[in-house]
Amino acid sequence: MTDLVTPSLAQARRVVVKIGSALLVDPELAAPRETWLASVADDIAALRASGTEVVLVSSGAIALARHALGMPHRALRLEEKQAAAAVGQIRLAQAWSSVLSERGLTAAQLLLTPDDTEDRRRYLNARATLDTLLSLGCVPVINENDTIATAEIRFGDNDRLAARVAQMIDADQLILLSDIDGLYTADPRNDPDAQHIPVVGAMTAEIDAMGGAPPPGYSSGGMRTKLVAAHIATDSGCAMAIALGKRSHPLAALRDGARCTWFLPGTDSRSARKRWIAGGLTPMGDITIDDGAIRALVQGGSLLPAGVTMVEGEFSRGDLVRVVSKTGDELGRGLCAYKAEDARRIAGHRSEEFESVLGWQGHDELIHRDNLVLL
């Protein structure tokens, strides 16, 4: 894998940089690490001066509010996390606004939920806002909107949020600053024989198996979520790097060739709409299909109800669903033309039978090929 050509941050046109709580917040003071934060701002200013647009995805709101609310170390209930996020987000935005303005840069704050990236209209609106901010020379600072997200409907980590943002704005690089300098064959904290992997040419089951448990502390991510982010980013044609963030001037170090792991972008020529479908985080159900339907999909066809053997989950018309084989392997994802109840009723039936089954004649396709992505 080391003979693959690696990307260069110095050549990036548009970059998304993800920064976690464990890097930004001093856990003893529940305050930003000011010296480190200033060094990152210096790096961002240097990138902007060279013509690179920068978007930040920054955690830290809850961690910054813990001491002020008298709950520095204990586990928080959902409503306490939401309250802490409301208090801490002001502090987080102030920290970034202050440190960037000192370098002549204007910060802009956006709070996103999964619905903002999963709903097509809201996704396009968010993209338009970010494009406008970047055209005006701003540095958008994005975080998950923890004050309103429920436990069931949230990203849960900013690695995946950052990947979806990178996909949304057609970034050519996603940088995940971490407490480790890249991906290893095993967890180097536990295995002295673990080998660093400098370049990943393609996401495979072997690479996915290298994900481990999240680290302790304020961080909610870990290598597993970073690999999920790598799937989303590289499938969108965006290179991704996992780089050491603890050092001063971490982006300058990466630009100058510091050790990291680069995940190379895919060469998929799918449309922006299909990249959005492929990157969806929350499929609402599974549609199991037979071998004949699989052959039809591989040949470029739509998914017809006649080839469906099972429909699981509860979803509405237009929701994202997984298409799986009889053995449970995920074959693709798409937007279903029927709600779950109706999809179950017409499963296994031909289009000429729909009216007698449903009482009305619907679409011939359960998932049209224009709304289907094979993985």
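In the predicted model, Cys-238 is buried, its relative accessible area being 1%. The closest cysteine sulfur to that of Cys-238 belongs to Cys-260 and lies 14 Å away, and because a disulfide requires two cysteine sulfur atoms within 2.5 Å, this separation is too far for a bond. In keeping with the result for this cysteine, a search extended to the whole structure returns zero disulfides. Cys-336 is likewise assigned as buried, with a relative accessible area of 2%.

A further buried position is Arg-164, for which the computed relative accessible area is 0%; this arginine is found in helix 7, which comprises residues 158-168. Between the C-alpha atoms of Arg-164 and Ala-84 the distance in space is 25 Å, while along the sequence these two residues are 80 residues apart.

The packing of two packed helices is described by the angle between their axes and the distance between the axes. For helix 2 (residues 34-49) and helix 4 (residues 78-101), the axes come within 9 Å and cross at roughly 55°. Because this angle falls neither under 35 degrees nor in the range of 65 to 115, the two helices, helix 2 and helix 4, are oblique to each other, and the crossing in which helix 2 passes helix 4 is right-handed. On the side of helix 2, the contact is formed by Leu-37, Ala-38, Val-40, Ala-41 and Ile-44, which meet Ala-95, Trp-96, Val-99 and Leu-100 of helix 4. Divided by residue class, this contact of helix 2 with helix 4 consists of nine nonpolar residues, with no polar and no charged residues.

Key
Residues numbered from 1 in each chain as written. Predicted model: local features only at pLDDT ≥ 70, side-chain atom pairs only at ≥ 80, totals over all residues. Heavy atoms only, no water. Axes fitted to C-alpha atoms, helices over the stretch in contact; angles between N-to-C directions. Helix = DSSP H or I, 4+ residues; strand = E, 2+ residues; numbered from the N terminus. Parallel < 35°, antiparallel > 145°, perpendicular 65-115°, else oblique. Left-handed = near helix turned anticlockwise from the far one by under 90°. Contact = heavy atoms within 4.5 Å. Nonpolar A, V, L, I, M, F, W, Y, C, P; charged D, E, K, R; others polar. Buried < 20%, exposed > 50% of the residue type's maximum accessible area, 1.4 Å probe, protein only.
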